[in-house]
Amino acid sequence: MNTDVVVVGGGPVGLLLAAELRLGGARVVLLERLTEPSGHSRAFRMQARMLDVLDQRGLLDRFKEGNRTWPKAHFAGLEPLLDFGHLRNEHPYALLIPQARTEELLEEHALACGVEIRRGHTLRGLDATPSDVVAEVESPEGTYRLRSHYLVGCDGGRSTVRKLAGIGFGGSPPTVRALLADVELADPGQLPNGVPGTMRTPRGLLMAISLQPGVTRVLTTEFTPPEPGSEHAPVTLDELRETVRRITGIDVAMDRPRWLSRFADTTRLADTYRQGRVLLAGDAAHVHFPIGAQGLNLGLQDAVNLGWKLAGTIVGWAPPGLLDSYGSERRPVAGRVLRETRVQLLLMAPDPKVDPLREMFAELLALPEVNSRLAHEMTGLDVHYAAAAGRYEHGLLGRPCPPLPASVGDEVRTVLRTGRGALLLPEGPAEEAARLATEWSHRVGRVATEDGQGLLLRPDGHVAWVDPGDGVPRKDVLLELEDALRRWFGAPGCTVLSRNDDTAGR
Ligand SMILES: Cc1cc2nc3c(=O)[nH]c(=O)nc-3n(C[C@H](O)[C@H](O)[C@H](O)COP(=O)(O)OP(=O)(O)OC[C@H]3O[C@@H](n4cnc5c(N)ncnc54)[C@H](O)[C@@H]3O)c2cc1C
C-alpha cells in the first residue's frame, strides 16, 4: 500500500476529511487537480452547526477573525426572517466567510495534521477490488498509480470518482438558469431593493449582496431550463446586463467583473455513499440549488461523520457496521436538504399562482415554533441520527451535543479536538460508569463535571449515550453505556495501531 486513504479533491470537504482521517491515525494522500486555489468564493455563509464543530476542533477563532456574524437568514426571500437567536447550540448565528478563506484555513489545518497534499494531480482512473483501490493519477511529472485501502471522492458535483465507481446520481435535471457575478455597480441605488436586497418579478429573481467595498455579488435566476450543453459556456458582462434588464426592466450600470459564472438547480443524490472501498462526500454525493447556504455545510458535516469511522476501520478498532453507518446517517440528511431547497425555489418562482402560498408561508414564519423549526433545519442543528433501540429512550440521543457550561465545554473541546470521543460524568455518583469506561480511555476522554447529566459524545460531537437520572434502574443505565461504547468505539481494551508514520509514497 502507498497510503491508507486517497482523498480526491482539495475543496473544503476533501481538506477537512483528510484532516479528520489524520486525527484518527490514518495515512492520507489528497489529490487536487488545480495547481493553485482558484481564489473564487461560491459560499459565503458558515452555519451554526458547523461553527460548533469548528469550535470542537479548535478552529473557530481563526475562522471568526475579521469576519462578521449574522443572527438571521431568509427563507425563500420571505419576511419575517429566520431568527437564529433561539438556536439550541453554542454559537447561535451564521458566520459570513468567503469560501476561499474557508479553504485556505482548512488547507492550513490539513497540513498541520500531516496530510500530504498533491496539487496539480488529477484522478483519471480507478480500479477497486475487495482488498485495495488503485488510482491512476495524472501529474505534471507524468502518470502514476497509487494504491490505498480506501479512496474517497470529494471531487465536486461532476465527480469523476462517482462516475468511475458506477454510482448512480438520481434526481432532477435543471429547470432554472442562474448567473453569479462579482462586479462593480456604478450606482447601487439603481437596484430598487438596494444592496443587500432581493427582487422577485414576473420574469425571475435578482439578489444583490455587498462582498467588499465597491464589489457587489449579483445573482440572477430565470425560470426556464438552460440550453442543453450551455453549462460550461463562459458568461459575458453583456449577457449579465441583458439578464438583469429582462428580470428587472432596468438598465443597471455595472463593470469590472471579478468573476462571472453560471449555475442551476440540478438536484441529485448519490444512490449510495459507499461502494466497497470507494466512498463519496460533499457535492460528489449531493447537489442542489444553492439557496439557504447549505451545500458546503452539509459536505463538511459528511467529512466530520466519515473521518473517525474510516480511520477506525483502517486502524483496526472499528466494530462491524461502523463504516456503513456513514451512509445510513448522512444520506437521509442530504435528502432533507434537497427537499427543502426545492421548496424554497418553488416558493420563489415568479408565477403569480405562487403568491398566496408565499403569503401563507410568511404567516407561518411569524409563528415562533415554525420559525425555530426551519432555522434548526437550515443550520444543520436538527440532524438526528437514529439511535439503536435501547433499554430507554432519550430526546438527546443521536443529536448534536447541547450547549454546556463554559468550563465543561472547554474541557470537552480539548478532548474532541484530538479526534476522540468524550464522556462527561459528574464526580461521585457516576464512579461506576467511569470505571467501566476506563477500558476505552484511549478512544474516549473522560470529562469530570461538578454536576449535570452524564453524556457520551462521539468524535463528531453527536450524543451516543445519556444518563437519564432517576427513573431508570442504574443497571440499565450502565448496560446502555457499555453498549454505546462498543457500538461507536469498538471492543474494550483494543490497542490502537497508530499509523501516524508518514510513509505514503508515490
Ligand atoms: C452561487 C453559489 C453559492 C453558494 N453558497 C453557499 C453557501 O453560502 N454556503 C454553503 O454551505 N454552500 C454554498 N454553496 C455550495 C458550495 O459552494 C459547495 O457545496 C461546496 O463547494 C462543495 O464542496 P466540495 O469540497 O464538496 O466540492 P468542490 O468545492 O466542488 O471541490 C471539489 C474539488 O475537487 C477537485 N477535483 C475535481 N475533479 C478532480 C479530479 N478528477 N482529480 C483531482 N481533483 C479533482 C476540484 O478542482 C475541486 O477543488 C454555493 C454554491 C453556489 C454555486
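## A tour of helix packing and cores

The crossing of helix 1 and helix 7 is right-handed, and this pair is the place to begin in what is a predicted model. Select residues 12-23 for helix 1 and residues 295-315 for helix 7, and you will find that their axes come within 8 Å and cross at roughly 25°. Because that angle falls under 35 degrees, helix 1 counts as roughly parallel to helix 7.

Now show the side chains where the two helices touch: on helix 1 these are Pro12, Val13, Leu16, Leu17, Glu20 and Leu21, while helix 7 offers Leu296, Gly299, Leu300, Ala303, Val304, Leu306, Gly307, Leu310 and Ala311. Coloured by class, the contact of helix 1 with helix 7 divides into twelve nonpolar, two polar and one charged residues.

From here, widen the selection to the largest nonpolar core, which has 76 residues. The members that touch the most others are Val7, Leu21, Met46, Phe63, Leu151, Val152 and Leu310, and helix 7 gives the most to this core, with nine residues. In general terms, nonpolar side chains tend to be buried together in soluble globular proteins.

Centre the view next on Val152, whose contacts, once neighbours within four places in sequence are set aside, are Val5, Val6, Val7, Val8, Leu17, Leu279, Leu280, Ala281, Leu306 and Leu310. Apart from the largest core lies another, of 24 residues, which can be found by selecting Trp440, Val472, Val477 and Leu485 among its members.

For a second helix pair, select helix 8 (residues 324-348) and helix 10 (residues 368-378), which pack at an angle of about 120° with their axes 11 Å apart; that angle makes helix 8 oblique to helix 10. Helix 8 passes helix 10 in a left-handed crossing. In this contact, Arg336, Arg339, Glu340 and Gln344 of helix 8 meet Arg373, Glu377 and Met378 of helix 10, and by class the contact holds one nonpolar, one polar and five charged residues.

The last stop is Asn89, in the loop between strand 6 (78-83) and strand 7 (94-96). Is Asn89 buried or exposed? Its relative accessible area is 6%, so Asn89 is buried. Not counting residues up to four places away in sequence, Asn89 touches Ala48, Arg49, Asp52, Leu381 and Pro403. To finish, draw a C-alpha to C-alpha distance from Asn89 to Ala48, which are 41 residues apart in sequence and 7.6 Å apart in space.

Definitions and conventions
Residues numbered from 1 in each chain as written. Predicted model: local features only at pLDDT ≥ 70, side-chain atom pairs only at ≥ 80, totals over all residues. Heavy atoms only, no water. Core = buried A, V, L, I, M, F, W, Y, C linked by side-chain atoms within 4.5 Å. Buried < 20%, exposed > 50% of the residue type's maximum accessible area, 1.4 Å probe, protein only. Helix = DSSP H or I, 4+ residues; strand = E, 2+ residues; numbered from the N terminus. Contact = heavy atoms within 4.5 Å. Axes fitted to C-alpha atoms, helices over the stretch in contact; angles between N-to-C directions. Parallel < 35°, antiparallel > 145°, perpendicular 65-115°, else oblique. Left-handed = near helix turned anticlockwise from the far one by under 90°. Nonpolar A, V, L, I, M, F, W, Y, C, P; charged D, E, K, R; others polar.
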